Structure formats: C-alpha cells, structure tokens
Amino acid sequence: MTTVLVFLDHPGASLAKGERELLSLAGSLGDVAVALADDAEQTYLDGVGSYGVGECYRPDTEVSGVLVAGKAAFLAEAARTAAADVVLLGNSYEAKEIAARAGIRLEAGVVTDVVSLDGDLVATKADFAGSYTVDCRVTTERAILTVKPNSVDAAEAGTPQAPREIRVPVGELAPAARITGRVDKPVSGRPELTEARVIVAGGRGVDGDFGPLEELADALGGAVGASRAATDAGWIEHSAQVGQTGKTVAPQLYVSVGISGAVQQRAGMQTSKVIVAINKDADSPVFEIADFGIVGDLFSVLPQATEEIRKRGL
Ligand SMILES: Cc1cc2nc3c(=O)[nH]c(=O)nc-3n(C[C@H](O)[C@H](O)[C@H](O)COP(=O)(O)OP(=O)(O)OC[C@H]3O[C@@H](n4cnc5c(N)ncnc54)[C@H](O)[C@@H]3O)c2cc1C
C-alpha cells in the first residue's frame with residue numbers, strides 16, 4: 001500500500017480549502033499521514049483526522065522561526081520515519097523551496113506546479129511559461145510533488161477525530177537567518193488569490209480604477225488579481241500580481257480585464273479552467289488563450305456583466 005505524507009504549514013483554526021484538496025488527493029492514492037510544522041488547535045487536528053489521517057508527525061523543536069531550512073529538515077525526517085512513498089505539498093514559493101530542499105536530503109525526485117496526478121503517480125504540469133503541458137513521473141523510489149490549488153475537488157470530511165501524534169527529531173538547526181516578527185495581512189473578505197475559484201484580474205487598461213473589477217469579483221465570490229503593469233503603477237498591492245514573477249493561479253474562471261496577455265502574465269494563469277478576456281483591442285494576444293473573448297471597453301462591459309450576474313442571483 002502506498003503511504004502518502006502531506007505537509008501542512010501554517011495551521012489555522014480549521015483546514016484551509018487547499019489543505020482539504022491535498023488530503024483528498026492523498027486519500028485517493030493510499031494511506032495518509034501528515035507532517036505538521038507548527039502547533040495546531042484541537043479543532044484543526046480533528047479536521048485532519050476527519051480525512052482518515054492516522055498519524056500526525058511533529059518536529060521535536062520549533063522549526064517555523066528559521067525560514068525554510070528547518071521545515072525542510074523536519075519534512076525529510078518525517079518522510080523517513082513514516083516510510084512515505086509520496087510527499088505532497090501546496091504550491092507556494094515557500095512550499096516549493098521546502099520540497100526542493102527535502103528532495104536533496106531524501107535523494108527524491110521533485111515535481112512542482114502539478115495540476116493533476118493519477119494512481120501511477122504520473123503528474124501533469126504546464127511548462128515554459130505555460131507553452132507546453134507535460135506529463136511526468138519521478139524515477140526515484142520516493143516522489144515529492146507540489147500541487148496547485150483548485151486542481152482536485154476536496155472530498156467531504158468524515159467523522160472528526162484526532163490522529164496519533166509522533167514527534168520526529170529534527171537535529172541541530174544553525175540558521176543563517178531568523179524570523180524576528182510577523183504582521184498579519186489585513187482581511188479583505190475576498191478569498192485568497194491562489195485558492196480562489198474565480199479571479200477577476202486587471203491590467204494597464206483599468207487605468208488606476210479597480211472598482212468595477214472588485215464589483216464583479218464580489219458578485220462572483222472571487223478574488224482580484226492584476227498584471228505587473230497594474231501593480232508596478234501602484235494601483236493595487238504587489239501580492240495581487242499574477243504571472244512569472246507573481247503568483248501562479250489555476251482558478252475555475254479567470255476573467256482577464258484590460259490585460260494584453262504577455263507571456264510573463266500567461267505563465268501565471270494559463271492553466272485556469274476557463275479564461276474570459278475583456279479587451280478593447282480585437283488583436284490583443286490575450287484572445288489567443290481565451291475561451292471566451294469580449295471586445296469592448298471594460299468600463300462599459302464590466303458594469304453590465306455585474307448587473308446581469310446579480311440579477312440572476314448567480
Ligand atoms: C522578467 C519579467 C517578468 C515579468 N513578470 C510579469 C508577471 O509576473 N506578471 C505580469 O503580468 N507581467 C509580468 N511582466 C510584464 C509583462 O511583460 C507585460 O509588460 C505586462 O504583463 C503588461 O501588463 P498589461 O497587460 O496590464 O499592460 P499592457 O500590455 O499595456 O496591456 C494593456 C491592455 O489593456 C487594453 N485596454 C486599454 N484600455 C482598455 C479599456 N478601457 N477596456 C478594455 N481594454 C483596454 C489594451 O488594449 C491592452 O491590451 C514581466 C516582464 C519581465 C521582463
């Protein structure tokens with residue numbers, strides 16, 4: 001039987017959507033254990049147990065205060081102790097770095113940006129800024145995979161129960177840098193960009209006014225993203241940037257508004273399930289990757305779309 005170890009970072013009061021997706025994917029592959037880097041509340045542990053998780057591996061020392069090296073050392077040790085065949089992580093920059101460092105420690109192959117994974121561990125991912133879709137499988141005994149949010153449907157949780165806790169020795173950490181403080185991000189009420197099922201993203205075409213995009217995003221229960229031109233202009237925070245040097249997203253619906261569709265923007269959103277582009281230039285390259293295109297002025301198109309969606313109560 002395959003043993004799958006899921007790495008869970010930054011536990012909150014309850015499981016985040018992306019964590020439920022990872023646990024569901026793991027459950028479809030074999031027996032599931034988790035490696036939990038931080039302390040967690042009982043409700044969170046009960047939630048983990050409700051996905052059929054038997055063991056919860058924890059570090060015997062604090063690893064979250066030293067950037068990623070401590071977490072990678074812990075994950076590698078947990079994978080050895082659990083005799084895990086597969087290790088699954090989320091797809092944040094931090095998770096990818098932890099995966100890479102743990103891969104070196106375990107001499108295990110690593111695949112990042114996975115959007116689907118079958119029972120034979122063949123992973124599908126987009127490469128070269130989204131120009132190619134690749135199927136790949138690691139050739140080492142142990143596989144480490146980072147999986148994009150929204151790639152699998154989260155299964156329904158079962159009965160809440162606490163998994164058995166096992167402490168693993170991390171060894172001495174001699175970090176070159178230590179985290180000295182953390183500041184919570186202000187709560188916007190909108191979903192986290194990388195986890196949102198719907199994203200409305202704006203570019204230079206919005207000309208500094210994200211209002212109509214926020215209205216549409218709120219009508220659809222989505223998040224607001226942006227091109228680098230918009231974040232560089234200071235119209236929206238940098239954390240909203242989608243693309244090669246921003247976030248990689250794969251929502252069910254990506255509405256691209258006033259964005260030309262440069263290759264660096266595509267790199268971060270091309271694996272979205274459905275792409276709708278709104279642009280006043282019919283020759284804009286964004287229409288090459290759009291499933292649906294609307295040629296028109298965004299300040300005229302967006303309010304109409306939002307009104308219609310509200311009217312239909314979607
Ligand atoms: C190393 C490197 C990394 C980069 N990383 C990223 C990245 O991570 N993410 C990213 O996005 N970019 C990135 N870029 C920048 C990228 O190359 C493009 O410059 C950028 O994506 C352009 O942003 P834009 O589409 O918003 O602007 P533009 O290319 O100027 O396009 C604006 C679009 O808005 C349309 N428009 C204007 N007014 C309206 C209107 N009223 N209604 C409807 N449409 C309208 C125009 O027709 C045009 O198509 C990177 C570049 C480099 C060199």
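What share of the contacts between residues at least 6 apart in sequence join residues at least 24 apart? In this predicted model, that share comes to 65%.

**Overall build**

The protein has 9 helices and 14 strands. Its radius of gyration is 21 Å, close to the 20 Å that the globule rule gives for 314 residues, so the protein is as compact as a globular protein of that length. Laid along its principal axes, the C-alpha trace spans about 60 × 40 × 40 Å. As for burial, 49% of the 314 residues count as buried.

**Helix α3**

Take helix α3, residues 69–82. With 14 residues at 1.5 Å each, α3 should span 20 Å, and its end C-alpha atoms are indeed 20 Å apart. The helix is largely enclosed by the rest of the structure, because 10 of its 14 residues are buried. Among them are G70, K71, F74 and L75, along with several alanines such as A72, A73 and A76. The cover over these buried residues includes the following elements:

| Element covering α3 | Residues |
|---|---|
| β1 | 3–8 |
| β2 | 31–36 |
| β3 | 55–59 |
| β4 | 86–89 |
| α4 | 93–106 |
| β9 | 164–168 |

Just past the end of α3, A83 takes a positive phi of about 50°.

**The second largest pocket**

The second largest pocket holds about 470 Å³ of space. Its lining counts 26 residues, and G203, R204, G258, I259 and S260 lie nearest the centre. By type, that lining splits into 15 polar, 6 nonpolar and 5 charged residues. Helices α6 (228–232), α7 (263–269) and α9 (298–312) each supply at least two residues of the lining.

How values were computed
Residues are numbered from 1 along each chain as its sequence is written. This is a predicted model: local features need pLDDT of at least 70, side-chain atom pairs count only at pLDDT 80 or more; totals for chains, interfaces and linings use all residues. Side-chain values use heavy atoms; hydrogens and water are left out. Helices (H or I, at least four residues) and strands (E, at least two) are DSSP runs, numbered from the N terminus. The expected span of a helix is 1.5 Å times one less than its number of residues. Buried means under 20% relative accessible area, exposed over 50%, partly exposed in between (1.4 Å probe, protein chains only). Contact means heavy atoms within 4.5 Å. On a 1 Å grid over the protein atoms alone, a cavity is a set of points where a 1.4 Å probe fits but cannot get out, and a pocket is an open set with protein on both sides within 12 Å along at least five of seven lines; lining residues have an atom within 4 Å of a point. Grid points are joined across faces, edges and corners, and a volume is the space filled by probe spheres set on the points. Ala, Val, Leu, Ile, Met, Phe, Trp, Tyr, Cys and Pro count as nonpolar, Asp, Glu, Lys and Arg as charged, and the others, Gly among them, as polar. The radius of gyration is taken over C-alpha atoms; the globule rule is 2.2 Å times the number of residues to the power 0.38.
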